[in-house]
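User: I would like a close look at one part of this protein, a sheet and the helices packed on it. Please keep the account plain.

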Amino acid sequence: MIPKTYKEVIDLGDGREISIETGKLAKQAHGSVVVQSGKCMLLCTVVSNYEQKDVNFLPLTVDYREKFAAAGRYPGGFFKREARPSDGEVLTMRLVDRVLRPLFPKDYHSETQVMIQLMSHDDDVMPDAMAGLAASAAIQLSDFPFECPISEARVGRVNGEFIINPTFTQLAESDIDMMIGASADSVMMVEGEMDEISEEEMADAIKFAHEHIKAQCAAQVRLAEAFGKKETREYEPEREDKDLEKKVYDMAYDKVYAIAKAGSAKHERSAAFQQIKEDIKATFSEEELADYGGLVSDYYRKAEKAAIRDLTLDEGLRLDGRKTTEIRPIWCEVDYLPSTHGSSVFTRGETQALATVTLGTSRDANQIDMPSQEGEERFYLHYNFPPFCTGEARPIRGTSRREVGHGNLAQRALKGMVPDDCPYTVRVVSEVLESNGSSSMATVCAGTMAMMDAGVQMTKPVSGIAMGLISDADSGKYAVLSDILGDEDHLGDMDFKVTGTADGITACQMDIKVKGLSYEILVNALQQARDGRLHILEKLTDTIATPNAEVKDHAPTMITRRIPNEFIGALIGPGGKVIQEMQKETETTIVINEDPVTEEGIVEILGVGKTGIDAVMAKIDSLLFKPEVGSVYEVKVIKMLDFGAVVEYMEAPGNEVLLHVSELAWERTENVSDVVNMGDIFDVKYFGIDSRTRKEKVSRKAILPKPEGYVARPPRDNRSGGRDNRGRDNRGRDNRGRDNRRDDRKPREDKKED
């Protein structure tokens, strides 16, 4: 018997709906829901162990996977099983994690797992827009200590109208692609890309999404009440000691405040803070430290945070001595690496990124193979964050989720400025060499300069800046911090990264940690970010004002040529022989694609130096060469035959035609070599397709003067050798064609009997 199910429906306002259902699947999980829109179905399950782990953080794992069966497809590659998550899946995991994690109690340390799976795909529904809703709805049905329901929604804008959770088709026409995560009361997360929109437009898009999220949160509450809201589980809270907290605060606050106000460098400042902590611990006995040494460390961190925040709110000063709107010193350099196609170094304070650019053909495009999305990227960016950039030694075990996320943000910031007619596949790699605050924004700046250095004709340069916010709800004070340090990232109530051109925002990422942040403060923060962006942009353009007009001498030049569909096979050759030999001889890379609309062949020729590319272009010209009837062309003898000479058009090497012996000269020619020899160059006239031979006809004698007294031979009278009425059209001997056999011919049987 099918179990009883509970369901809530959310109206998106344009005829589409999202349903949340529970009670049928995965009932042993602590909470499970199926979220559906159209034919798209997500299954989300949540489980949290009842015992607390001996750690000082929440061991939360958010896992999002798309099953290929959901789209009726097989996994690509040799191994026909879903394996490691794709970058697209990792990005969805990060979007959900960033909204869920702050809503668990700070002292809740039970291992918790949220698993979201795409079980059925719909081409008109983007599943990642419903992942946050699914995760929160499943948690609402559990007994987890969780503050309130949340949801996430995507916002697009087509023809000036905002759209909630747009389809793939609508998103392709949209100038905004933003994901917003929020509770009913507060916006908590924003991430997306835009087509140079203003700060006010961005705030309007957030407001629009938040109204829809409120309805989604209300639906979760109704579903939990109908299902039967569980009592929140009991767990062992962290140990507290208010007297100890005050003691540590009193010992640490003034000392931390003084060091913070001194405006020292990162390592010097960190060492001084560590010394204060050690001095405080030294006032306790070994027995006391064994008993509550962990609390001492925790209370010290709280005192340190309070002192630094107060310094900024009360005096407008920051850890490195800057004012709230001040940007750290910047220096830039391009063409730093001699062998790369493009390179740059961007250094801002104690953050440094080295970016490289590699130019390639469509064969080098990044392939996207997900159940919900297939295609390729002709521009992509990879971000690497090695441990030495923060002065640490730790093992490297593949690309981290953080590296995937930061690289994606920088890619989205820059990709809109790569023109559609850019012939290259462009790969940017950012190596973070130093980090103390927003290496992702340093990557955007370094990537801009490296692409311009490589000769990529960017529409406009892009810069980025990381911002912070410190606020005090009691006093109403707040401070927006431009170009935040790593320490300020952890201490603030909001950190956000904004990228853009001089004309508008191209990408953003926000994590808002304070409840009820007003849109007025948000817009003010975005305006201050714009001022900082423009300051940084000026530093970039001082270093390299415009893209280089040409690629570097050692970088490949790309030429694109279109050819009619019927010539593609000839250019490739049997088994690829022609194109492979051509690539080897010319030292070029040749890629042939077919235009899906016109069905023309698009030939990409990539090579270093002009000689090889010119040779390939000449081969294509030869292939496409079509002589005109009545025109005269210069040819060269390349083969001698008994009945003529094979000649090659000089302006189309490789394009051959037979010059018949009868067309060599007006006089009768017994031997071809009496008139022409190998390598001879002369003119011929083109007559088109001969009606008798059905082959192309050229003539040398047609452009020579007739000899004096020349008499043309009479035309044939359709008789062969004077035989009686036995022409080509009467094929049998003695007028005996297949259909005109002699009546008196005896059958074979009679012959055998004779």
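Which strands does helix H9 lie across, and at about what angle does H9 run to S12?

Analyst: The model is a predicted one. Helix H9, residues 439-454, lies across S11, S12, S13, S16 and S17. Its direction is at about 145° to that of S12. In residue numbers, S12 covers 342-348 and S13 covers 351-360.

These strands belong to an open sheet of 5 strands, in the order S11-S12-S13-S17-S16, and the pairing is mixed. Strand S11 (330-334) and strand S16 (379-384) each have a single partner strand and stand at the edges, so one side of each has no neighbour in the sheet. From one strand to the next, the twist averages 15°.

At the S16 end, the pairing can be followed in detail. S16 pairs with strand S17, residues 425-434, in the parallel sense, and 6 bridges join them. Within this pairing, Tyr380 has Arg427 of S17 as its bridge partner. A second helix, H11 (residues 519-543), also packs on the sheet. H11 touches S11 and S12, and its direction makes about 35° with that of S11. S11 and S12 are therefore touched by H11 and also crossed by H9, with S11 being one of the edge strands.

For contrast, a hairpin elsewhere in the chain shows the antiparallel sense. Strand S26 (residues 644-649) and strand S27 pair that way over 5 bridges, with Val647 opposite Val657 in S27. There are 6 residues between the two strands of this hairpin, and Gly654 in the turn has a positive phi of about 95°. Side chains alternate along S27, which spans residues 656-660. Val657 and Leu659 point to one face and are buried, whereas Glu656, Leu658 and His660 point to the other face and are not buried.

As for internal space, a search of the whole structure finds 1 cavity of 30 Å³ or more. The volume of the largest cavity is about 30 Å³. Its lining includes Glu21, Lys24, Val33 and Leu43. Strand S2 (17-22) and strand S3 (31-37) are the elements that give two or more residues to that lining, and S3 gives the most, with 3 residues. By class, the lining has 4 nonpolar, 3 polar and 2 charged residues.

Key. Residues are numbered from 1 along each chain as its sequence is written. This is a predicted model: local features need pLDDT of at least 70, side-chain atom pairs count only at pLDDT 80 or more; totals for chains, interfaces and linings use all residues. Side-chain values use heavy atoms; hydrogens and water are left out. On a 1 Å grid over the protein atoms alone, a cavity is a set of points where a 1.4 Å probe fits but cannot get out, and a pocket is an open set with protein on both sides within 12 Å along at least five of seven lines; lining residues have an atom within 4 Å of a point. Grid points are joined across faces, edges and corners, and a volume is the space filled by probe spheres set on the points. Helices (H or I, at least four residues) and strands (E, at least two) are DSSP runs, numbered from the N terminus. Ala, Val, Leu, Ile, Met, Phe, Trp, Tyr, Cys and Pro count as nonpolar, Asp, Glu, Lys and Arg as charged, and the others, Gly among them, as polar. Two strands pair if DSSP finds at least two bridges between them. Axes are lines fitted to C-alpha atoms, for helices over the stretch in contact, and angles run from 0 to 180 degrees between N-to-C directions. Contact means heavy atoms within 4.5 Å. Buried means under 20% relative accessible area, exposed over 50%, partly exposed in between (1.4 Å probe, protein chains only).
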